[in-house]
Amino acid sequence: MQLSALATDYDSTLASEGVVLPATLDALLRLKASGRKLLMVTGRELPDLRRVFDHIALFDAVVAENGALLYLPSRDETQPLAPPPPPAFIAELRRRRVEPLSIGRSIVATVTPHEEDVLEAIQALGLEWQMIFNKGSVMCLPPGVNKASGLAAALKALGLAAENVIGVGDAENDHAFLAACGVSAAVGNALASLKAAADVVTEGDEGAGVTWLIDRLLTAPDILKKATENTESTENSAPMA
C-alpha cells in the first residue's frame, strides 16, 4: 500500500482557532514537494474557508460543506454534490429564531442547543434530511451526504484510490471520512471515540499533530502502514461473541 495522498480536516485539525500556523504550512509544502496529493475535507463553506485560509491553492481538491461541495483549485472549478436546502426549511428555522444560522449551497448549519429546533423543523415539514454534529456545531444535509461521500467524489476527480490516502481529523463528523481512507489518523486533541477508531493517534494537537503525521509520512511511511496492520490483526483476533 503506497500512501500517495493526505486528506485533512480543517478546524481543530489543520488549523488552530481557524488559523494554520507557519510550521504546519511548511509541512504541507514539504508534502507537496514529495509529489503527494493534498486534499481538504471540511464542514466549512467555501467562501468562509477562502476568508480564513490564503493557501487553498496548495490543495489538489477541497471537499467543503461536509461533503456537499467539491472544489478543484487548479481549475477554479466547483461541483455541487448535493441539492440546495428546501426554502421552506430555511423559512421554518428562521420562524423558530434559530441563530446563528448559516446557509451554504447545500449545508444548513447552526450550533447546539438548537438541534431540537432543527429536528422539529425537519419533522414538521416531512423532510428526509439528516443532522451531523461537529462538537458544538450542528450541520443539516440531505441523506447520504457526508465527508466520506465528498471524499469519494474528490478521489474520482483526481484519479486516486482510497486505499492510498491517509486521512486525519478530530470530531464526530470525521468518522465516516476516516473509515474510508487506507490509513486513518486522529490528532491528539480529537474526541476519544475518534482516537479509539483511528489507526494512528498523533503526537501533538491540531496543526502540530498534522505536522507530526506529515513528518512520519515523509520519513517513515512504513510505520504508518504497520499501524494499520496491527489494527487489522487485533480485530481479526478478537473473540467471537
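Let us start with an open sheet in this predicted model. Four strands form the sheet, in the order β6-β7-β9-β8, and their pairing is antiparallel. At the edges you will find β6 (102–103) and β8 (130–134), each of which pairs on one side only. Inside the sheet, strand β7 (residues 108–111) and strand β9 (residues 137–141) are antiparallel partners joined over four bridges. To find your place in this pair, look for Ala 109, which stands opposite Met 139 in β9.

Next, turn to the helices that pack on this sheet. Helix α3 (residues 87–95) touches β6, β7 and β9, and its direction makes about 20° with that of β7. Helix α4 (residues 115–125) packs on the sheet as well, touching β7, β8 and β9, and its direction makes about 165° with that of β8.

How do these helices sit against each other? Two packed helices are described by the angle between their axes and the distance between the axes. For α3 and α4 the angle is about 135°, and the axes are 10 Å apart. Angles over 145 degrees would count as roughly antiparallel and those from 65 to 115 as roughly perpendicular, so α3 and α4 are oblique to each other. The crossing of α3 past α4 is right-handed. Where they meet, α3 contributes Ala 88, Phe 89, Glu 92 and Leu 93, while α4 contributes Asp 117, Val 118, Ala 121, Ile 122 and Leu 125.

The loops around these elements are worth a visit too. In the loop between α3 and β6 sits Pro 100, and the peptide bond leading to Pro 100 from Glu 99 is cis, with omega near -5°. Another cis peptide bond runs from Thr 112 to Pro 113, with omega near 10°; Pro 113 lies in the loop between β7 and α4. Moving on to the loop between β8 and β9, you meet Lys 135. Phi of Lys 135 is near 55°, a positive value in a residue other than glycine. Lys 135 has a relative accessibility of 33% and counts as partly exposed.

Now let us look at the nonpolar cores. The largest has 53 residues, and Leu 6, Phe 59 and Leu 213 have the most contacts inside it. Helix α8 (residues 206–219) supplies the largest share of this core, five residues. A second, separate core has 10 residues, among them Leu 93, Val 108, Val 118 and Cys 140. Back in the largest core, what does Leu 6 touch, leaving aside its neighbours within four places in sequence? Its contacts include Leu 31, Leu 38, Leu 39, Ile 166 and Val 168, as well as Val 210, Leu 213 and Ile 214. Lys 37 is also one of the contacts of Leu 6.

Two more loop residues round off the tour. Glu 17 is in the loop between β1 (5–8) and α1 (22–33), and its phi is near 55°, a positive value in a residue other than glycine. Is Glu 17 buried or exposed? With a relative accessible area of 83%, Glu 17 is exposed.

Asp 76, in the loop between β4 (69–72) and β5 (77–80), is exposed as well, with a relative accessible area of 53%. Beyond its neighbours within four places in sequence, Asp 76 is in contact with Arg 50 and Tyr 71. The C-alpha atoms of Asp 76 and Ala 57 are separated by 9.1 Å, with their positions 19 residues apart along the chain.

Note on methods: Residues are numbered from 1 along each chain as its sequence is written. This is a predicted model: local features need pLDDT of at least 70, side-chain atom pairs count only at pLDDT 80 or more; totals for chains, interfaces and linings use all residues. Side-chain values use heavy atoms; hydrogens and water are left out. A nonpolar core is a set of buried Ala, Val, Leu, Ile, Met, Phe, Trp, Tyr and Cys residues joined through side-chain atoms within 4.5 Å. Buried means under 20% relative accessible area, exposed over 50%, partly exposed in between (1.4 Å probe, protein chains only). Helices (H or I, at least four residues) and strands (E, at least two) are DSSP runs, numbered from the N terminus. Contact means heavy atoms within 4.5 Å. Two strands pair if DSSP finds at least two bridges between them. Axes are lines fitted to C-alpha atoms, for helices over the stretch in contact, and angles run from 0 to 180 degrees between N-to-C directions. Angles under 35 degrees count as roughly parallel, over 145 as roughly antiparallel, 65 to 115 as roughly perpendicular and the rest as oblique. A crossing is left-handed if the near helix is turned anticlockwise from the far one by less than a right angle, and right-handed if clockwise.
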